[in-house]
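I opened my notebook to work through one protein model, a topic at a time. Here is what I looked up, in the order I got to it.

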Amino acid sequence: MSLLELSNVRISLHGEELVHGVSFALEPGGVVGIVGESGSGKTLTCRAALGILPEGITVTGGSIELDGRDLDGIGAKEWTALRGTTISAVFQDPASYLNPSLTIGSQIAEVVRVKLGLKRRAARERAIELLGAVRLRDPAEVYRQYPHELSGGMLQRSLIAAAIAAGPKVLIADEATTALDVTVQAEILDLLRDLRRETGLALVVVSHDLAVVAQLCEEVLVMRAGEVVEQGTVEQVLHRPRHEYTRLLIEEHEAYGWEKYLVSS
């Protein structure tokens, strides 16, 4: 059974359709990539799966199932229970999702206490364990630090630690490496790959960067102006693109040597 399944999902704002029928199924341990330029609808699609669409924007067609459950019509309390424990997310700017006045560790420990019901001391120990799991050196020290004391890569690792704190089955990584330099980006991708292998975590990877998709994903959707213009295995789509827009994306990336990440056909 699929962990996350979108079937012909349509998303609209005041009667104007923004996303025109997205479908994919994510299996346990699977990785689906969604690529496209800004405004293509990829982030809206993921926010629909998380139940966090902006005000006025709604799912107006199709269905979304999470771990066998149809999400149509579920309430805010049920969404709160699902987020973090069944599905979680990491976004582009980690500083925007961390409270600057609280230590990194206390914010992760709070997630653990709320979602798993651990007592204060056990939550602290679990938070330190999580900071270690995302390969932060001296996790006990990081626990005591504030967001402004960490680099961008360390902040993103901390956000991943918070996102996986309650053991979700699905993690959406929405442009999670975009703001990082190439070396740190590679480290974060390695971390996501290892988490998938070690825990069976299923991933939805949203990116405008074909190299990221080529390294991590099995299936890819190419979106443009709210529509999926091409969909298939990474090898099919990136080796043998059928749509002109996909070919254009590939040509734009060739200058960066991204094709070295592809599995040869």
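Below are my entries on the sheets, a helix, the cysteines and a few odd residues.

**Entry 1: what kind of model**

I noted before anything else that this is a predicted model. I kept that in mind for everything below.

**Entry 2: the sheet of 4 strands**

I asked myself: in what order do the 4 strands of the open sheet come? I traced them as β2-β1-β4-β5, and the pairing is antiparallel. At the edges I found β2 (16–26) and β5 (69–70), each of which pairs on one side only.

Then I looked at how β1 and β2 sit together. Strand β1 covers residues 4–13, and 8 bridges tie it to β2 in the antiparallel sense. As a spot to click on, I picked S12, which stands opposite E17 in β2.

I also checked what lies across these strands. Helix α1 (residues 42–50) lies across β1, β2 and β4 (57–66). Its direction runs at about 115 degrees to β1.

**Entry 3: the sheet of 6 strands**

Next I went to the other open sheet, where 6 strands follow the order β6-β7-β8-β3-β9-β10. Here the pairing is mixed. β6 (87–90) and β10 are the edge strands; each has a single partner strand, so one side of each has no neighbour in the sheet. I looked up the turn between neighbouring strands too: on average it is 15 degrees, direction ignored.

Helix α1 shows up again here. It packs on this sheet and touches β3 (31–35), β6, β7, β8 (202–207) and β9. Against β8, the direction of α1 makes an angle of about 150 degrees.

I zoomed in on the β6 end. β6 and β7 run parallel and are joined by 4 bridges. In that pair, I87 stands opposite V170 in β7, and A89 has I172 as its bridge partner.

Which way do the residues of β6 point? I saw I87 and A89 pointing one way, with S88 and V90 pointing the other way. All of these are buried.

At the β10 edge I picked V229, which sits in that strand. Leaving out residues up to four places away in sequence, V229 touches V222, R224, H243, Y245 and T246. I also compared V229 with L210, 19 residues apart along the chain, and their C-alpha atoms are separated by 15 Å.

**Entry 4: helix α4**

I moved on to α4, which spans residues 120–133 and has 14 residues. From its first C-alpha to its last it reaches 20 Å, close to the 20 Å expected at 1.5 Å a residue.

Which residues of α4 are buried? I listed A123, A127, I128, L130 and L131. Looking down the axis of α4, these buried residues fall within an arc of 160 degrees, so they line one face of the helix. A reminder I scribbled in the margin: an α-helix has 3.6 residues a turn, so residues three or four places apart point the same way.

I wanted to know what covers that face. The cover of the buried residues includes α3 (104–116), α5 (139–144) and α6 (152–163). Just after α4, I spotted R135 with a positive phi of about 65 degrees.

**Entry 5: more positive phi values**

R135 made me look for others. My textbook note says that most residues other than glycine have a negative phi.

E175 is not a glycine, yet its phi is near 50 degrees, a positive value. I found E175 in the loop between β7 (170–174) and α7 (182–199). Is E175 buried or exposed? Its relative accessible area is 10%, so it is buried.

A225 is not a glycine either, and it has a positive phi of about 50 degrees. Its loop lies between β9 (219–224) and β10 (227–233). A225 has 55% relative accessibility, so I wrote it down as exposed.

**Entry 6: the cysteines**

How many disulfides are there in the whole structure? I searched and got 0.

Why is there no bond at C46? The closest cysteine sulfur, in C217, is 11 Å from the sulfur of C46, which is too far for a bond. The cut-off for a disulfide is sulfur atoms within 2.5 Å. From the side of C217, the closest cysteine sulfur is in C46.

I checked burial as well. C46 has a relative accessible area of 4% and is buried. C217, at 9% relative accessibility, counts as buried too.

How values were computed: Residues are numbered from 1 along each chain as its sequence is written. This is a predicted model: local features need pLDDT of at least 70, side-chain atom pairs count only at pLDDT 80 or more; totals for chains, interfaces and linings use all residues. Side-chain values use heavy atoms; hydrogens and water are left out. Helices (H or I, at least four residues) and strands (E, at least two) are DSSP runs, numbered from the N terminus. The expected span of a helix is 1.5 Å times one less than its number of residues. Buried means under 20% relative accessible area, exposed over 50%, partly exposed in between (1.4 Å probe, protein chains only). The arc is that of the directions from the helix axis to the C-beta atoms. Contact means heavy atoms within 4.5 Å. Two strands pair if DSSP finds at least two bridges between them. Axes are lines fitted to C-alpha atoms, for helices over the stretch in contact, and angles run from 0 to 180 degrees between N-to-C directions.
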